[in-house]
Every structure is written in structure tokens, then in C-alpha cells.
Amino acid sequence: MKLAIVGATGAVGHELLKVLEGSRLPIDELQLYASPRSAGTQLPFRGENLTVQAMPEGAIPADVILASAGGSISLEMAPKWVAGGSVVIDNSSAFRYDPSVPLVVPEVNGAVALEHQGIIANPNCTTAIAAVAVYPIHQRYGVRRMIVSTYQATSGAGQKGIEELQEQTRQELAGESYTPAAFAHPIAFNVIPHIDAFQDNGYTKEEMKVVWETRKIFGDESLQVSCTAVRIPTFRTHAEAITLELERPATPQEVRELLSGAAGVEVRDDVTEKVYPMPLTATGKYDVEVGRIRQSLVFDGGIELFVAGDQLLKGAALNAVQIAEYLYEQGALK
Ligand SMILES: NC(=O)C1=CN([C@@H]2O[C@H](COP(=O)(O)OP(=O)(O)OC[C@H]3O[C@@H](n4cnc5c(N)ncnc54)[C@H](OP(=O)(O)O)[C@@H]3O)[C@@H](O)[C@H]2O)C=CC1
Ligand SMILES: N[C@@H](CC(=O)OP(=O)(O)O)C(=O)O
């Protein structure tokens with residue numbers, strides 16, 4: 001199989017290379033693309049150095065293209081890549097709300113990927129991480145309302161977000177002045193309740209993505225979802241506090257047992273031993289950590305939990321590769 005990554009030099013691109021190293025896909029050729037400024041960069045893959053090329057203006061000779069260079073590039077280029085015969089798995093939000101484009105988390109709705117017409121959308125990172133933990137609960141107990149508060153790492157804003165936290169931390173400690181660029185305010189030693197653009201309803205686009213995308217992935221437009229998305233000064237891995245109102249009451253122990261057998265989930269829930277999900281323990285893991293599972297004090301029979309998931313993996317690169325693997329295993333790729 002011929003694969004291509006567009007955006008190979010970015011935060012997600014780097015993780016795509018690492019996940020593909022261990023993937024079951026039969027990769028005969030891997031092409032790497034980025035902007036012209038990165039042409040000639042060497043990136044390691046399976047013991048070799050691959051050379052990054054400037055993204056061409058038209059089709060790319062690959063069976064599958066993992067697109068990770070932002071929404072405007074996907075919007076313009078994906079139709080050309082599909083016309084050239086490629087299947088595009090897109091990390092951006094460009095096509096997520098198009099009814100003809102499947103939006104896929106393989107543990108939840110892998111089969112809808114088979115209905116693609118050339119493009120498959122990878123979800124928003126915050127949404128994908130929550131979906132893996134909440135969908136098994138939804139299936140058994142019926143989630144009526146889901147209230148999410150997020151703690152999102154700076155790498156969610158890409159390579160520039162990582163660099164800004166690093167540099168601002170140094171500048172703060174040295175007493176130097178600086179101007180924020182990647183975020184609306186200083187992120188070092190701060191938290192910022194603002195990710196993506198504010199919408200007319202007072203929510204941000206990041207928050208509304210959690211609403212729109214959870215409903216589409218679960219295939220349930222009646223699900224009531226609300227989110228407050230907050231940027232925090234960590235480098236990697238998003239955490240989320242989630243409150244669930246359920247159709248049928250659940251106990252914390254039932255939910256713990258249910259999630260212990262769920263694909264893509266690692267239950268870390270032993271408060272006597274101070275074991276719970278955290279970015280430091282979830283970083284680099286394929287599974288989403290779930291813990292602090294407890295009975296809601298607000299909703300009768302409802303559940304509260306805390307999750308931490310590596311947003312560059314399950315929220316982006318890993319999920320995209322898992323979609324490609326699913327298609328391959330179903331015989332839906334060359
Ligand atoms: N970071 C995250 O946690 C997540 C990101 N995503 C999505 O994934 C995509 C990539 O994000 P991320 O890796 O964080 O972003 P980065 O800013 O870290 O990387 C962007 C990549 O796109 C490339 N690029 C930029 N402009 C062009 C161009 N004109 N032509 C070709 N390539 C170009 C960059 O190349 P160069 O190095 O040459 O500039 C780089 O490889 C975005 O759509 C983002 O929304 C989705 C889920 C999570
Ligand atoms: N918005 C996410 C990362 C991201 O790129 O999301 P999306 O693919 O929905 O634009 C964050 O900042 O943490």
C-alpha cells in the first residue's frame with residue numbers, strides 16, 4: 001500500500017509517523033509532504049530517513065492520504081486527491097459536518113467508515129477522547145445529558161503551542177516581557193477558558209465541536225451535550241471532567257466493570273492509592289485513562305468521571321491510522 005502524510009512536520013504529523021511504524025498496514029511506500037519551507041527535511045521511519053517534499057498542487061500518487069495540514073488545505077486539496085483515486089483520512093474539521101462524510105471513532109462507529117465517498121473525517125481531539133469512555137455507558141445506560149469541562153494541553157494548538165509554553169515559562173521565570181501569539185493571553189502559569197472562535201451563542205467553536213461531533217459519532221441527535229473548553233499550561237494530553245445523566249441508573253462499580261472491558265479504555269480508579277487519570281500517566285498511551293468514577297450528586301443514578309487521553313494519539317494520529325487499519329481489514333482498501 002502507498003501512503004502519504006500531508007503535514008508530516010507538524011505535531012500530529014510526527015505522531016502519525018510513530019504510529020505507522022507499529023501499524024499492521026502493509027506499507028510499501030510512505031510519502032511525506034509539508035509546506036515548501038520544510039522541503040528536504042529528513043524524518044525517520046522504520047530505520048530509514050524519509051525526505052519531506054513540498055505538497056504538490058494536484059493529485060498525490062497514494063492509496064491513502066492522511067491529511068494533517070489544517071482545514072483550509074484539506075478543503076481545497078482533498079477533492080483533488082479523491083479525484084486522483086486516493087482515500088483521504090482528514091484530521092481537520094473541514095468535512096466533519098458534511099452529511100456525506102463519515103466521522104469515525106473506530107471503537108464506536110467503525111462501520112460507517114465503509115460508506116465513505118473518498119473522504120473520512122477524524123474527529124476533534126476532545127470529542128474522540130470523551131467518546132471512547134462515554135459510548136459504552138451510553139449503549140448500556142442511555143446517556144440523556146452529558147456535561148464536559150476540559151483541561152486541554154498546549155500541543156492542541158500544534159507545534160507553535162508547545163513552543164509558546166516553553167518560551168513563556170522561561171520568560172516568566174526570568175522576568176522578561178513577551179507578547180502572546182499562539183493563545184489569546186499568556187498561557188504560562190495561567191488557564192484560558194477560550195479555545196477557537198466564540199460563536200453567537202456564547203460558546204466557543206471547540207465547545208460546539210464536542211456537541212455536534214458527539215451526536216454525529218453516537219448517531220443520536222437527541223443527546224444533550226454542553227462543554228466548557230479550557231487551555232491549561234501542560235504540553236500534551238487533554239483531560240476532561242464529565243457528568244452524565246442516564247436513562248437507566250448506574251452504580252460506579254457497574255461503570256468501572258463495564259469500562260474495564262471496553263476497547264480503547266484503561267480504568268485507573270483507586271483513590272485509596274491515589275490512582276486516577278492524569279496527563280503525565282496518559283501521555284504516549286493508546287488507551288484513554290478513565291477514573292474518579294462516582295455517583296452524581298446532581299442527577300439520580302447519574303455518573304461523574306474524569307478522563308485523560310493523549311490528544312495527539314487517540315485525538316488525532318492514532319485514530320486516523322485505526323480508521324485506515326479498519327478499512328484495510330474490511331477489504332475496503334487496495
Ligand atoms: N494538535 C492537535 O492536538 C490536533 C490537531 N488536529 C488537526 O490536525 C491538523 C494539524 O495540526 P497540528 O499538527 O497540530 O498542526 P502544526 O501546526 O503542528 O502542523 C501543521 C502542518 O501542516 C503543514 N502545512 C502548513 N501549511 C502548509 C501548506 N501550505 N502546504 C503544505 N503543508 C502545510 C506544516 O508544514 P510546515 O512544518 O512546513 O509548516 C505542518 O506539517 C489541523 O487540522 C488540526 O486542527 C486534530 C486533532 C488534534
Ligand atoms: N482544538 C484542539 C485541537 C484541534 O486541532 O482540534 P480540531 O481538529 O477540531 O481543530 C485543541 O486546541 O486542543
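Is Cys125 buried or exposed? With 28 C-beta neighbours inside 10 Å, against a cut-off of 20 or more, Cys125 counts as buried. The close-ups below come from a predicted model, and they start from that cysteine.

**View 1. Cys125 and His238, the pair that UniProt lists as "active site" (unreviewed entry).** In sequence the two are spread over 114 residues, yet they cluster in space, with a largest C-alpha distance of 8.2 Å. Cys125 has its place in helix α4, which covers residues 125–141, while His238 lies in strand β10, residues 238–246. Like the cysteine, His238 counts as buried, because it has 30 C-beta neighbours inside 10 Å. Leaving out residues up to four places away in sequence, Cys125 touches Gly156, His238, Gln311, Gly315 and Ala316. On the same terms, the contacts of His238 include Cys125, Thr126 and Ile129 from one part of the chain, Thr150, Tyr151, Gln152, Ala153 and Gly156 from another, and Gly309, Gln311 and Gly315 from a third.

**View 2. Helix α4 against helix α9.** Here the axes are 8 Å apart and the packing angle is about 85°. That makes α4 roughly perpendicular to α9. On the α4 side, look for Cys125, Thr126, Ala128, Ile129 and Val132; on the α9 side, they meet Lys314, Gly315, Ala316 and Asn319. Sorted by class, the residues of this contact come out as 5 nonpolar, 3 polar and 1 charged. Cys125 from View 1 turns up again in this contact.

**View 3. Helix α4 against helix α6.** Helix α6 takes in residues 205–218, and its axis comes within 10 Å of that of α4, crossing at roughly 40°. The two helices are therefore oblique to each other. The crossing is right-handed. From α4, the residues in the contact are Thr126, Thr127, Ala130, Ala131, Tyr135 and His138. Their partners in α6 are Glu206, Lys209, Val210, Glu213, Thr214, Ile217 and Phe218. The class count for this contact is 6 nonpolar, 4 polar and 3 charged residues. Thr126 is worth picking out: it meets α6 here, it belongs to the α4 contact with α9, and it is in contact with His238.

**View 4. Helix α1 against helix α9.** Helix α1 runs over residues 11–21 and helix α9 over residues 313–329; their axes come within 9 Å and cross at roughly 45°. So α1 and α9 are oblique to each other, and their crossing is right-handed. Val12, Glu15, Leu16, Val19 and Leu20 in α1 are the residues that meet α9. Opposite them in α9 are Leu313, Ala316, Ala317, Leu318, Ala320 and Val321. By class, the contact holds 10 nonpolar residues, no polar ones and 1 charged. Ala316 is a handy landmark, as it also meets α4 and is touched by Cys125.

**View 5. What covers helix α1.** This helix is mostly covered, with 8 of its 11 residues buried. Those residues are Ala11, Val12, Gly13, Glu15, Leu16, Leu17, Val19 and Leu20. The cover includes strands β1 (2–6), β2 (29–34), β3 (42–45) and β5 (64–67). Helices α5 (159–174) and α9 are also among the covering elements.

**View 6. Ala11 and Val12, two of the positions that UniProt lists as "binding site" (unreviewed entry).** The record gives Thr9, Gly10, Ala11, Val12, Arg37, Ser38, Ser155, Gly156 and Gln311. These positions are spread over 303 residues of sequence and are spread in space too, up to 26.1 Å between C-alpha atoms. Ala11 is found in helix α1, and so is Val12. Ala11 counts as buried because it has 22 C-beta neighbours inside 10 Å; Val12 counts as buried because it has 27. Setting aside residues up to four places away in sequence, Ala11 touches Ser155, Gly158, Gln159, Ile162 and Leu312. With that exclusion again, Val12 touches Gly7, Ser68, Asn91, Leu312, Ala316 and Ala317. To link back to View 1, Gly156 and Gln311 from the "binding site" list are both touched by Cys125 and both in contact with His238.

Technical notes
Residues are numbered from 1 along each chain as its sequence is written. Chains are lettered from A and ligands numbered from 1 in the order in which they are written. This is a predicted model: local features need pLDDT of at least 70, side-chain atom pairs count only at pLDDT 80 or more; totals for chains, interfaces and linings use all residues. Axes are lines fitted to C-alpha atoms, for helices over the stretch in contact, and angles run from 0 to 180 degrees between N-to-C directions. Helices (H or I, at least four residues) and strands (E, at least two) are DSSP runs, numbered from the N terminus. Angles under 35 degrees count as roughly parallel, over 145 as roughly antiparallel, 65 to 115 as roughly perpendicular and the rest as oblique. A crossing is left-handed if the near helix is turned anticlockwise from the far one by less than a right angle, and right-handed if clockwise. Two residues are in contact if their C-beta atoms, placed from the backbone, lie within 7 Å. Ala, Val, Leu, Ile, Met, Phe, Trp, Tyr, Cys and Pro count as nonpolar, Asp, Glu, Lys and Arg as charged, and the others, Gly among them, as polar. UniProt positions are given in the numbering used here, feature names are shortened, and annotations may be inferred rather than shown by experiment. A residue is buried if 20 or more other C-beta atoms lie within 10 Å of its own, exposed if 12 or fewer, and partly exposed in between; C-beta atoms are placed from the backbone.
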